[in-house]
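Trainee: Could you take me closely through one strand of this model and its partners, and then set that part against the chain as a whole?

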Amino acid sequence: MTMKKELPKVYEPQEVEGKIYRAWMEAGCFKAAPNPDKKPFSIVMPPPNVTGQLHMGHAMDCTLQDILTRFKRMQGYEALWMPGTDHAGIATQIKVEEELRRTEGLTRHDLGREKFLERVWAWKEKYGARIVEQQQKLGVSCDWDRARFTMDEGCSRAVRETFCALYDKGLIYKGSRIINWCPHCITALSDAEVEYQDKPGHLWHMRYPLTDGSGYLVVATTRPETMMGDTGVAVNPADERYKHLIGKTCLLPLMDREIPIVADEYVEMDFGTGCVKMTPAHDPNDFEVGLRHNLDTIRVLDDHGVVNENGGRYCGMDRYEARKAVVADLTALGLMEKIEPYSHNVGTCYRCHSDVEPLISAQWFVKMQPLAKEALRVVNDGEVRFVPDRFAKTYTNWMENVHDWCISRQLWWGHQIPAWTCADCGHITVDRQDPACCAKCGGKNITREEDVLDTWFSSALWPFSTLGWPEKTPELDYFYPTSVLVTGYDIIFFWVARMIFSGCEQMRKYPFEKVLIHGLVRDDKGRKMSKSLGNGIDPLEMAERYGADALRFNLITGNSPGNDMRFYAEKCEAMRNFANKIWNASRFLMMNLTIDRCVLPAETTREDKWILSKLNRLVKEVTENMETYELGVASAKVYDFIWDDYCDWYIEFTKGRLQGTDEAAKEQAQQVLCYVLTQVLKLLHPFMPFLTEEIWQALPHGPEVPENSFLMVQSWPEYQEELNFPVAEAGIERVMDVIRAIRSRRAELNVPPSKKAAVIVVTKRSEEFAAGAGYLPRLMCASSIDVRGEEPADVTGLVCDVTHDAKIYMPLAELVDIAEELQRIAREREKAEKGLAIIEKKLSNESFVAKAPEAVVSAEREKAEKLRALIAKLDESAAAMGS
């Protein structure tokens, strides 16, 4: 990129951003490699769905990670941000199946596994680059040459190695267990993929007749459609009401099947009637009781949530249709004791939101208890730290109560489980290479497991599989464990927990040192963005309209770790205005520059020392904020410094020197202006990379900066004690207080800037004002300035303002036409009095005060107070004019 010495009149992000990003890419600015001379810093990108589209959550994620990566790169670290995408098993398969059904009227079964997977790979090739291109539009500085995919050859090898290693240790097993089943997606779900919602329902109390005809037991259920699978009734062994029935049997209504009455401590005596029907195939607790008492396991729902052949006359009915029929039949037989309304937590599928059906199924599981121990220890001992640390409790609570992880999915798209069952001896062979025969009997009649692994199984290996594991690569040795993981709190269970125990197990080392948790990006009303609400905001549309930098700065300002944020589109406009402010300040500087090298001068004025001291403290504070992940705080400080200190004050301080005839003073001002701008551009760069790079390329730099080098590879500023000027800084702040007081009084009196007035400043620090002779008359709009130690003998006709260290007097007659101003004050007072009278009349009406909402009454009282304060202020102004 060649250096240019002027900036266009207007900043056009659409023209700049693509050009700069290509230049960074061509120059290899994002590349990282093991470097013994540098400390490593590494982040792995939470891999977005390969066929997904960028949403505001991704934009937030990318912005946070890019800020940290750019910051650390500038600090001199070898900074690797590892990008990649996730195959997203169920999400991608559903999309391709929908497309197949819509365009060709076919199902995946019509094509067969091999042909269907060819279609999915083709879909991935067509749409897989889309999200990467969208991320690049935001300015993300990933090492794209290292981009990975969870089903690429290396990641697939890591998945197979992990599965085989865990199986060999007895930590993966196949067994019939109660799992969460989605009848809509037709697949098993892990516990983390189930979302619970409080839903209104019913509690049906049903009579189960005792076989000996001596009466009946009353049991309650929320799911009468599964009662055809009941194989027992349980009571507590200590319950005196039922002790005499333990070991006897009762009849299962509608099926006329004899089922045993068993005693088990799982039953709570004081809940309901103290009798619990047991459906081992459809409830995890009943399943455990069934194992203890050798109860039959009868599954009555198929994979689609339809009653199967074990459901008697209800066979073929949908589960909800069967529920109605069962309730109707029990009522007709007089076996329905009562029906109560009952709200309860219902598990729903995280993807399609259908009600999840607990049912027995042969699935593959990971034993979690042995893996959880070390994963808990590294967090409890502080080796892995959550930011904010309150999320460590969320993690440990889940990990302490974790169940075995169901890892098999009834899909075709994904990592097919590397297990082969022998038809001759029943042995399951699990191997790192595809076997030709059974490992036990040598038989050739072996069949591979149809199911694939849960998507999160491969994602759990992401921090080390992307660095080359199971091979021992230089990258793995240098960059692992990674430095920080940036992610939303909504996937702590899905992903963070699984990466930690996988890293501890496979690498014998945690996968990252810190976990930076961010909240959700909500709409301006605080609602979650969703398709159903139609309130989603396209980040690319925002970037196109306002520039990627404005979007990034909007997402980060006011943002704090772990907390949700509201997205206001109009704030993007405010951030674009901020970009324009910087651009215009830079253009002003460029138009006044005669220097071609930027070197801080040996001699500086008080106002130079003020800005350098403020900048120096800003560097220290922003660096501390960045190191502690307070990125929102850091960005706000940089914003305030640029807008207020640099643009609104320091540039104004220097205009006299820049436009004067003293060449030495002119160059001095240019050098300080340029130095401060280049340093603050470095601080702003991680947040607004495009704008800062474009301005940087136009500015002159010091001899330490190579010709045509990029801002993004410059050194991060460091605090320098020699640039700490507390005395000069405090002195200029006192002068600024006086200028503010004068401006405030003039605004109050509606005095135009063109109207000058004599100013008297009474202060014991006259030398501070004497030093500002070059700029004070202009900034105070003063025709003359008299700085003295004593008050004027006659203050008649003078308005007075007071600061901590000075008194300011100005002749009122020079500021306003007193007669005209008194008339204006009188008109304004009359208007205020009328408004106050109307409100007071309303508030004196007892009926209004009693009947109006409290908020309305409070608002009226507040209006009245404001009007009284205005009247008092107007009276004070009139009195000052001698009225």
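Mentor: A residue is called buried here when its relative accessible area is under 20%. With that cut-off in hand, and keeping in mind that this is a predicted model, we can turn to strand E29, which spans residues 807–811 and is mostly covered, since four of its five residues count as buried.

Strand E29 has pairing partners that can be described in turn. Strand E28, residues 798–802, pairs with E29 in the antiparallel sense over five bridges, and within this pairing Val799 stands opposite Met810 of E29. The connection between E28 and E29 is a hairpin, made through four residues. Strand E26, residues 757–762, also runs antiparallel to E29, and three bridges join the two; here Ile760 is the residue that stands opposite Tyr809 of E29. As a general point, side chains in a regular strand alternate between the two faces of the sheet.

Elsewhere in the chain, burial can be followed in helices as well. Helix H15, residues 492–507, has 14 of its 16 residues buried, so it is largely enclosed by the rest of the structure. The helix is followed by Arg508, whose phi is positive, near 60°. Helix H12, residues 455–459, contains Ser458, and this serine is buried, with a relative accessible area of 3%. When its neighbours within four places in sequence are left aside, Ser458 is in contact with His87, Thr150, Val159 and His415.

These elements belong to a chain whose secondary structure comes to 29 helices and 29 strands. The radius of gyration of the chain is 37 Å, well over the 29 Å that the globule rule gives for 883 residues, and the chain is therefore more spread out than a compact globule. Along the principal axes, its C-alpha atoms fill a box of roughly 115 × 80 × 55 Å. Buried residues nevertheless make up 54% of the 883 residues, and among contacts in the chain with a separation of 6 or more, 77% are accounted for by residues 24 or more positions apart.

As for the surface, the chain exposes about 39400 Å², of which carbon and sulfur atoms supply 50%. Its charged side chains number 109 positive and 132 negative, and the centres of the two sets lie 2 Å apart.

Conventions. Residues numbered from 1 in each chain as written. Predicted model: local features only at pLDDT ≥ 70, side-chain atom pairs only at ≥ 80, totals over all residues. Heavy atoms only, no water. Rg over C-alpha atoms; globule rule 2.2 N^0.38 Å. Buried < 20%, exposed > 50% of the residue type's maximum accessible area, 1.4 Å probe, protein only. Contact = heavy atoms within 4.5 Å. Areas by Shrake-Rupley, 256 points an atom, 1.4 Å probe, with all protein chains shown as cover. Lys, Arg positive; Asp, Glu negative; His and termini not counted. Charge placed at Lys NZ, Arg CZ, Asp CG, Glu CD. Pairing = 2+ DSSP bridges.
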